[in-house]
Each structure stands twice: as C-alpha cells, then as structure tokens.
Amino acid sequence: MRRLNGDSADFESALAALEVPMDSDDGDVRSTVADIIADIERRGEPALLEYTRRFDQLDVDAICELEVSREELERALSELPGEQRDALSEAAKRIETFHRKQLSDDWSYDDGLGNRLGQRLTPLRRVGVYVPGGKASYPSSVLMNAIPARVAGVSEIIMVAPTPGGYRNPLVLAAAALAGVHRMFCVGGAQAVAALALGTTAIPRVDKIVGPGNRFVAEAKRQVFGRVGIDMIAGPSEILIIADGSAAPEWMAMDLFSQAEHDESAQALLLCPDAAYIEAVDAAVERLLPQMERSAIIRASLDKRGALIQTRDIAHAAAISNALAPEHLELAVADPEALLPLIDAAGAIFMGIHSCEALGDYCAGPNHVLPTSGSARFFSPLGVYDFQKRSSIIHCSAQGAVPLARVAQVLAEGESLTAHARSAAMRIVD
Ligand code: HSO
Ligand code: ZN
C-alpha cells in the first residue's frame, strides 16, 4: 500500500490528493435530475410510471401495482432462512435499544416572574426511506434508517426501492417488516425522490427523505431540500485506524478491506508510529488481498485513496485523524480510553482491537449512517433526533407578561415596528 510520513514536508498535499470532493460537480447529473423533478411535478403519476418503465424495465398501469403489501413484507420475513431471520431480528433489537436511549424529554422552566418557557419535541409525521437497488442494496441500511424513525414516533414510514425487472430482494422486504415500515413502493431513482417530496396520487408527500443512493438520488435529495427535509448527502465510505501494534496485522488488513470493499472510491487509512508494524500490516494486506471476493474493488480503493501513515507518536496520529474527521475511526490500541480524549471529530469511534467496524455496520446498535468527507466536523450520526422537530413554548401569565412587555416595547420602538410595540404595550395592565 501507499506509505506516507506524517512529518514529511509534502504530507498535507499527499493527503489532500487522496480526498474526494463532497459535491459531485456534474452539470449533466444536475440538469437531468432537475428535468425529472419538474416532470414529476407537472405530470405526476404518468411521469413516474414512464421513468419506472424506462429505468427499471417495469411496465405497469398504475403505481398502486408497485406497492408491496404489508402481508408480502411479513411473508418475506417469515420465509427467510432461520439463521438470517434470527440475525436480522437480533440486529433490529440491538439497534432499537441503542436508539431508545436517544429519546429525550420535553423541558420547561419558570423564569421567576410567572412565565414558563420550554421546549417540546414532536415526531415528524411522515418520512420517506430510500433504499438503493443492485449491489448497494443493504438490508442493514433499511434497519438503520427506519428504526430511529419508528422509535421517534413517526406515524408513517414510506419506503421506496427500485426493483429492476420486478425483482424484490427478500432480505430488504424482511428488514422493512422488522423495522416497522408502513408502506413500500417499488420505485427508485430521482423520480422516486421527487414523488416522495411532491406527492403523487398513490404516493403521499413526506416531510423528510433519508437513505443512501447513487449520484442521481443524492442530487435529487439536494434539489428537493427545503421543500422537505433530508438526512445528509453521503460520500464514499471511510475508515481510519489508529494502531499501536496491539492487534494482529491481519486484523488491521481485514478492517481496512472491510471499508475498501464497499466502493472503489472508499478510503482506508492506518496511522501508526511504529515502522515495523506498518511493514507487517502491508505484508498482511498483500497476503490476504488475493483471497478476497471483491479483491478488484479493494485493490482499486487502496491504490486510489488508501495509505499507511507513519506518525511521530499516537498523539500525532490523533491530530491527523481530527483534521480528517473520518466517518469510522478505530482506536486499535491497548488503552483506547486514554486516547479518546484526544479525539474531537469522527462519525463513530470503535474502541480497542475487538471493536471492528463491521460489528458497528450491522448489529452493535449505533447507527451506520454517518457523516463522510470530513463532515463529522459538524454533522452527527443519523439518530432519533433526525425524526423529531422542536417547538418552543412561551407561556406568560398576566403579571409575568408585564416586565417582558416593557422590554419588548423599547426594543420594538428601536426597530420602528409600531405594531410590535403596541401589541406588547397592551399587555401592560395593572
Ligand atoms: N459501512 C457502511 C454501511 C454498511 N456496511 C452496510 C455494510 N453494510 C457505511 O459506511
Ligand atoms: Zn460497511
């Protein structure tokens, strides 16, 4: 693998060369998606049917024929091989347990003048979950997107997934049943995002759209943002490992592969102060790579964006990691608790050599929808809070309103807003 030295003069530029821009600045994608959204807005369902015919080779007369009934979802779950059903159920249970901890309470306080101020949380009413088709169609992502919505109390979770040629992935259907998806439609692409954002005869308009997708889906989410909420625009997956040599080099190699196998643009980095250990990880990478089913994707990802980086010490590794703000950060060190205080930006932090990222991807409990491309500097993992909105509560009493009205009146007059001033002044009563 590529070797870099964190102390070399050209380190910053070498690292920058491994970045991918967050925004696909592709004018073609942008205008194609804008046309599709405008067409769905103008013609509604006939347009959606046409795109589904063209892109998914599915010819039906009405979108309601593409709705998967609740019975079909439940049947997919009950017909799953026992081992898969048990694993999916266990994962769903653990994801739910974790996300229940994120539920927070309304609060309020008395200001001592007789007024009560507070904050109230309410769930979003209706949410759309986009599930990609093809090789990036992950049942685990169905759980990760829909379970927090259900825990938040969303009344209607609508899932959309393209089913080219009519093939319905039973694991995806089963995951939808387990996660509590209320309705599912077999549509995909920018047209499905537009349908969710705008509503059509059969597909109800949602308040927020979450879930991963290809360039067209990501661009469509970007374009409908504002009319509806969106979660985040996910870039290629990333893993950054800070290692002190505590783990077998093979473990490190396989952890790097586990992200690299997602995508040729995925990024896998390992930072370590020990040159001999870096050597051993590199040898393990070369030894194990030919055995991997997705070796071509892994190789491409490692060549394009991967690196083994020698650092001065572990604190230096932490500083580099903070600058990158990786999606997944493994602290593969003997004392991860001692290292944790040095970390200030990462989507998910895996503590110690037994906490490999794959466990977090499927079943540890925390969400695997995480900020990428350095956006962990300001974004958080997908969570229950993404499916709730806050309202402020202002409850003034007759006598409590008086001192506030005096303040408001002065400020309103300063802004020359007479109606504000008079509205406040009317509350100044003995
Ligand atoms: N690691 C991916 C999520 C995933 N992994 C789904 C396996 N299945 C998010 O970065
Ligand atoms: Zn993964």
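## A pocket and its lining

Strand S10 makes the biggest contribution to the lining of the second largest pocket, supplying 3 residues. Keep in mind as you look around that this model is predicted.

The second largest pocket has a volume of about 220 Å³. Its lining is made up of 15 residues, and those nearest the centre are Glu19, Glu238, Leu324, Ser373 and Gly374. To find your way along the chain, look for strand S10 (238-243), strand S11 and helix H13 (314-324), each of which provides at least two lining residues. What sort of residues line this pocket, sorted into nonpolar, polar and charged? The lining has 8 nonpolar, 3 polar and 4 charged residues.

## The zinc ion

Now turn to the zinc ion (ligand 2), which is coordinated by His262 through NE2 and by Asp361 through OD, at 2.1 Å. These two residues bring together distant parts of the chain, 99 residues apart. His262 sits in the loop between helix H10 (249-260) and strand S11 (267-272), while Asp361 belongs to helix H15 (residues 357-362).

Why is the arrangement around the zinc ion (ligand 2) irregular? The 4 donor atoms subtend angles of 90 to 173 degrees, and therefore the arrangement counts as irregular. For a tetrahedral label, all angles would have to lie between 85 and 135 degrees.

## Buried or exposed?

How do the two zinc partners sit with respect to the surface? His262 has a relative accessible area of 31%, so this residue is partly exposed. Asp361 has a relative accessible area of 13% and is therefore buried, since buried means under 20%.

Notes:
Residues numbered from 1 in each chain as written. Chains lettered and ligands numbered in written order. Predicted model: local features only at pLDDT ≥ 70, side-chain atom pairs only at ≥ 80, totals over all residues. Heavy atoms only, no water. Donors = N, O, S within 2.8 Å, 3.2 Å for Na, K, Ca; no water. Tetrahedral: all angles 85-135°; square planar, octahedral: opposite > 155°, others 65-115°. Helix = DSSP H or I, 4+ residues; strand = E, 2+ residues; numbered from the N terminus. Buried < 20%, exposed > 50% of the residue type's maximum accessible area, 1.4 Å probe, protein only. 1 Å grid on protein atoms, 1.4 Å probe; cavity = no way out; pocket = protein on both sides within 12 Å on 5 of 7 lines; lining within 4 Å. Points joined across faces, edges and corners; volume = space filled by probe spheres on them. Nonpolar A, V, L, I, M, F, W, Y, C, P; charged D, E, K, R; others polar.
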